Amino acid sequence: MLRSYILSGQYLSNLNSENPLGTGGKILLEFAELTKQMWAGKYANKAPQRFRGALSKARNKYATTEQQDAQEFLADMLDALHEDSNKVKKKPMVPPLDDDWVEKTALHRVGLEAWRRYLRRDRSVIASTIMGQTLNRVTCPVCHHTSTSFDPFSMLSVPVPAFEKMMVRCKILRRATSLNCPRALCIQSLVRPKQDLDTFSKSDLESDIDMDLDADPDAAPPSAILEQYIVEVSRLSEIGVLKASLAEMCGISAGALLLCEAETTPTPSEGAAFIRQNPFVTYIPVNEARPCAELSQLGNEGAEGSQGDDPDGMVIELMAFELTLKEWPSVQVFAQDLINGSFSTKSLNGMDLEDARFLLEKQLYGHRKECRRFDLRPERIINMMSKCLWPRTTADFRRGLRIEYLGDRNQKLPGTVIDVLVNEDNPDKTKVLVHFDHLASKWAEKFTLDDFLQKKIAPLYTKVTPRAIPIEGTLYHRHSGHYFGNTSFLHFHNEWSMARAGAHIMAQAARFLHEDQSTSGGHWIATCQRALGKAIDIILDIDKAYVDRVLRDCDDKFVYKKPNDQIKKSTYDASSLNDLLEKKMTEIFTFLPFVIKMRRAAPNIRRNGVAVEKENEEEPFPFTIFRCVGSLVMGRMHFVLEWRTPDGGKSNEGLLYSMPTAWIHKPSWKLYKDKIDSQSKGESLLHPLVPTSNDKSVDIGNCLTEYCKEQTLDWRCPKCKDFRDAKQSMSMWRLPDLLNFHIKRFNCTARWREKISTRVDFPLTGLDMSNWCSAESPAHQRGESTIYDLIGVVNHIGGMTGGHYIARCKATSCGPTGSEEIAHTFAGTGASGFPHGTPGEPGELEGESAPTGWRLSRGKEKDPPSVLTEERAKAIGRSAEPLWLQFDDDVVEPIPPRHVVSEMAYVLFYRRRNLTPSNVASYCTLE
């Protein structure tokens with residue numbers, strides 16, 4: 001119709017060169033001139049330089065060579081053509097509709113009046129053929145007042161509903177405690193240490209014995225080890241926002257959660273059944289500063305714990321690990337009171353605050369709830385031990401002494417005395433070998449007593465600041481050389497002895513220990529559980545005995561703040577105690593279901609679960625009180641649980657490894673199921689609202705449903721005179737003859753942006769818009785046609801920063817309603833391209849090779865069409881299917897209709913099947 005309007009010269013009588021909102025008629029004139037040249041039949045090609053120049057002057061953003069958005073260009077063009085052809089020379093002031101009149105009047109009369117008022121200011125060929133109306137209603141939830149408005153549109157910008165939000169199913173592996181692993185980590189004694197500090201009213205230890213459990217019925221029970229939540233987040237929100245939402249649901253602080261993606265090692269089908277049921281799964285921490293859209297979908301299929309409860313494959317799978325350390329509540333309260341200044345010197349009987357906290361931690365060290373419920377930070381204990389064991393002579397040198405080296409270049413390196421090099425000929429020249437934390441053993445140095453006396457070596461934490469972040473390690477499972485099961489993360493305090501770290505590993509390994517003693521092998525299970533708890537008790541007792549013996553003479557309430565030279569020294573040698581620990585652990589290892597190994601690097605796992613091992617890559621875990629975690633760790637720690645059966649054989653039968661069953665958070669799961677049920681009941685008219693693993697596409701109907709769905713709006717009610725969370729609903733009211741859709745493929749926030757590449761399916765013919773029209777709209781009341789056929793598509797190839805546009809247009813013969821006669825004009829010359837149909841269909845000639853297309857820059861006289869090209873053109877013209885042409889810069893070629901719909905579709909052009917008679921009469925006649 002627009003072509004007929006231009007070629008008939010009607011635009012000249014409507015040219016509005018005085019409209020301040022237009023371009024003085026320049027865009028309309030240049031567009032008309034370009035259209036005439038295109039249809040004159042005189043030019044093989046034409047560069048629209050004059051049109052580009054006029055457009056650059058009218059709209060400055062098009063003056064540069066930068067790429068512009070096709071939708072924005074189309075909107076600007078329609079607006080310019082509308083204003084340049086506006087029949088209203090001087091726009092009157094049109095007041096808005098009165099709310100009281102709207103409430104008392106029938107809706108169809110209100111809509112008609114709104115359209116009439118629009119036409120009083122805007123009457124053009126664009127307004128008649130392209131402009132439509134939407135009905136918007138906003139309802140106040142308090143007074144129920146409804147504000148009704150009718151808004152004109154030239155293009156519907158519809159969202160892709162599947163990608164505005166995303167569902168994330170996250171499983172949380174809790175730290176092992178006596179509450180969720182009661183058989184292995186049962187607390188045999190709740191006898192608390194003698195309370196010397198009677199004045200600690202705000203740090204009562206009873207809060208450590210009797211925890212106040214969450215009474216929320218939707219919260220996970222204390223016995224849960226693995227929990228499952230479903231979180232809905234925006235695609236462009238940061239992963240940290242997802243983590244915060246998850247933390248709020250599970251009750252774990254965001255700082256104590258490690259969010260990871262899973263990677264499953266494929267297991268051969270001929271492998272052992274146990275290995276196939278427990279495939280090897282590793283986890284990679286995600287970058288919390290990145291957007292959620294970067295999370296890989298369905299990247300962990302086959303990971304342990306998959307319940308098969310997501311038949312549609314709609315949820316992204318993540319795994320979260322709770323920090324395996326938890327401070328004693330009384331220490332946390334005490335530390336906070338110290339910060340807030342809640343304790344006065346008088347209430348502490350004159351004690352220094354640091355002295356008071358040290359004595360409190362000394363009482364808690366080695367408590368039976370250590371390693372089972374809480375984990376004490378030992379920095380103050382180790383600092384005092386370093387002072388008490390400080391040597392005055394070479395005879396006082398002791399293994400395990402923690403020191404710090406103060407170098408000439410302001411170096412401050414913590415380290416451990418790992419050996420005493422006795423000089424039997426001259427004892428005064430006896431040296432100690434110091435290994436520095438987080439450095440390789442080759443950097444160990446020897447020091448003499450003079451270095452201690454000259455304060456080149458000082459007690460630990462004299463100037464060095466304690467490490468604030470726990471050391472992280474990875475735990476693997478292995479049997480007979482095959483890695484299997486889920487890896488997990490462990491956390492350690494830097495000053496823990498390796499024995500205490502080993503107790504922590506065994507305690508956290510209890511999460512994977514089979515708990516059901518009623519099954520076959522129940523005696524073996526019970527034995528292993530008791531042995532695990534006994535091993536932890538042995539380590540805690542010996543570790544506490546070592547600390548108590550060294551600090552025996554440090555019961556002075558004012559000892560912690562004393563200078564090093566004023567503290568009474570201890571000459572205790574713990575070698576016999578360390579030997580006792582090794583003996584006890586050797587005896588009890590025969591009753592444990594696994595052996596702990598320590599690796600220097602992560603294993604290189606092959607497809608079958610077997611690692612490529614290097615020489616000296618692995619060693620038995622050192623249960624010793626003379627080395628601390630920081631002394632042996634250079635980077636990330638790696639531990640392997642070598643699981644074994646009762647008979648010690650290579651068979652998998654009898655292995656006690658078991659991934660705990662997930663507790664499911666019912667409210668979030670119900671929310672997910674409700675969304676699935678609403679889709680299955682037809683909320684989405686043609687395809688599911690969210691793409692499935694088998695059909696990663698949505699329908700244009702889903703986009704329209706999302707566009708028209710009810711939304712919450714922060715709105716000021718004119719009756720309440722206050723802002724309310726009002727409900728806004730939208731529907732189509734007046735449909736134009738030419739209906740344009742803009743698919744919102746570019747999703748942006750203040751920080752992140754992405755292009756949505758989801759395929760949107762749209763019909764080539766028969767799009768029925770009645771489903772989204774108001775029941776009182778003219779389409780329903782007057783029987784106006786709501787059926788539309790596709791006539792063109794603009795495709796975008798590329799991303800957010802750049803790309804390329806390709807157009808696809810439908811060419812049909814002239815019909816009684818004024819359909820444009822394009823096919824016959826084009827098919828006569830140079831119609832070459834992809835075959836118009838599948839083999840055997842009309843439009844494909846047997847034995848043809850793929851042509852290169854018709855290049856607009858190629859003149860007829862220089863490159864006459866071949867016989868084959870002419871035959872192809874005639875075949876296309878005789879085809880029963882409509883002709884679709886693809887315009888890629890200067891290449892034009894026919895394409896099969898099945899190629900029109902693609903994930904590149906950006907702007908869609910639809911034409912009403914039965915055009916409005918008045919528009920046909922006005923614009924479809926060539927004179």
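Start by selecting helices H3 and H5 in this predicted model: they pack with their axes 8 Å apart, at an angle of about 105 degrees. That angle falls in the 65 to 115 degree range, so H3 and H5 count as roughly perpendicular to each other. To see who does the touching, show the side chains of Lys26, Ile27, Leu28 and Phe31 on H3, then Met77, Ala80, Leu81 and Asp84 on H5. Colour that contact by class and you get six nonpolar residues, two charged ones and no polar ones.

**Next stop: helix H4**

Select residues 49-58, which is H4. Which residues of H4 are buried? Phe51, Ala54, Leu55 and Ser56. Keep H3 (26-39) and H5 (70-84) on screen, since the buried residues of H4 pack against both of these helices.

While you're in H4, click on arginine 50. Is arginine 50 buried or exposed? Arginine 50 is exposed, because its relative accessible area is 60% and the cut-off for exposed is over 50%. Now try a distance label from arginine 50 to phenylalanine 31: C-alpha to C-alpha they sit 9.4 Å apart in space, with their positions 19 residues apart in sequence. You've already met Phe31, as one of the H3 residues in the contact with H5.

**Over to helix H14**

Jump to residues 379-388 for H14. How many of the residues in H14 are buried? The count is 10 of 10, so this helix is mostly covered. The buried set includes charged-class names such as Glu379, Arg380 and Lys387, along with Ile381, Ile382, Met384, Met385 and Cys388, among others.

What do the buried residues of H14 pack against? Select H13, strand E9 (402-406), strand E13 (457-459) and H17, and you have the list. Two of these neighbours are helices, and each gets a visit below.

Bring up H13 (residues 353-364) first. The axes of H13 and H14 come within 9 Å and cross at roughly 100 degrees, which makes H13 roughly perpendicular to H14. On the H13 side, show Glu354, Arg357, Phe358, Glu361 and Lys362; on the H14 side, show Arg380, Ile381 and Met384. By class, the contact of H13 with H14 has five charged residues, three nonpolar ones and no polar ones.

Now swap H13 for H17, residues 522-550. Here the axes of H14 and H17 are 10 Å apart, and the helices pack at an angle of about 50 degrees. H14 and H17 are therefore oblique to each other, and their crossing is left-handed. Select Ile381, Met385 and Cys388 in H14, and look for Tyr546, Val547 and Val550 in H17 on the other side. This contact of H14 with H17 is made of six nonpolar residues, with no polar and no charged ones. Notice that Ile381 turns up in the contact with H13 and again in the contact with H17.

**A strand to look at**

Go to strand E5, residues 226-234, and pick out glutamate 232. Glutamate 232 counts as partly exposed because its relative accessible area is 34%. Which residues does glutamate 232 touch, leaving aside those up to four places away in sequence? Show Lys165, Met166, Met167 and Lys675 to see them. Another label worth drawing runs to serine 245, which is 13 residues from glutamate 232 in sequence and 9.0 Å away in space, C-alpha to C-alpha.

**Two loops with a twist in phi**

Most residues other than glycine have a negative phi. The next two go the other way.

Select histidine 438, in the loop between strand E11 (431-436) and strand E12 (445-447). Its phi is near 65 degrees, a positive value. Histidine 438 counts as partly exposed, because its relative accessibility is 28%.

Then move to aspartate 889, in the loop between strand E31 (883-888) and strand E32 (891-895). Aspartate 889 has a positive phi of about 55 degrees and is exposed, with a relative accessible area of 59%.

**Zoom out**

Finish with the whole chain in view. The protein chain has 25 helices and 33 strands, and 50% of its 927 residues count as buried. Among contacts between residues at least 6 apart in sequence, 73% join residues at least 24 apart. Switch on the surface and you're looking at about 43800 Å² of exposed area, with carbon and sulfur atoms supplying 50% of it.

Key
Residues are numbered from 1 along each chain as its sequence is written. This is a predicted model: local features need pLDDT of at least 70, side-chain atom pairs count only at pLDDT 80 or more; totals for chains, interfaces and linings use all residues. Side-chain values use heavy atoms; hydrogens and water are left out. Buried means under 20% relative accessible area, exposed over 50%, partly exposed in between (1.4 Å probe, protein chains only). Helices (H or I, at least four residues) and strands (E, at least two) are DSSP runs, numbered from the N terminus. Contact means heavy atoms within 4.5 Å. Accessible areas come from the Shrake-Rupley method with a 1.4 Å probe; for residues, only the protein chains shown count as cover. Axes are lines fitted to C-alpha atoms, for helices over the stretch in contact, and angles run from 0 to 180 degrees between N-to-C directions. Angles under 35 degrees count as roughly parallel, over 145 as roughly antiparallel, 65 to 115 as roughly perpendicular and the rest as oblique. A crossing is left-handed if the near helix is turned anticlockwise from the far one by less than a right angle, and right-handed if clockwise.
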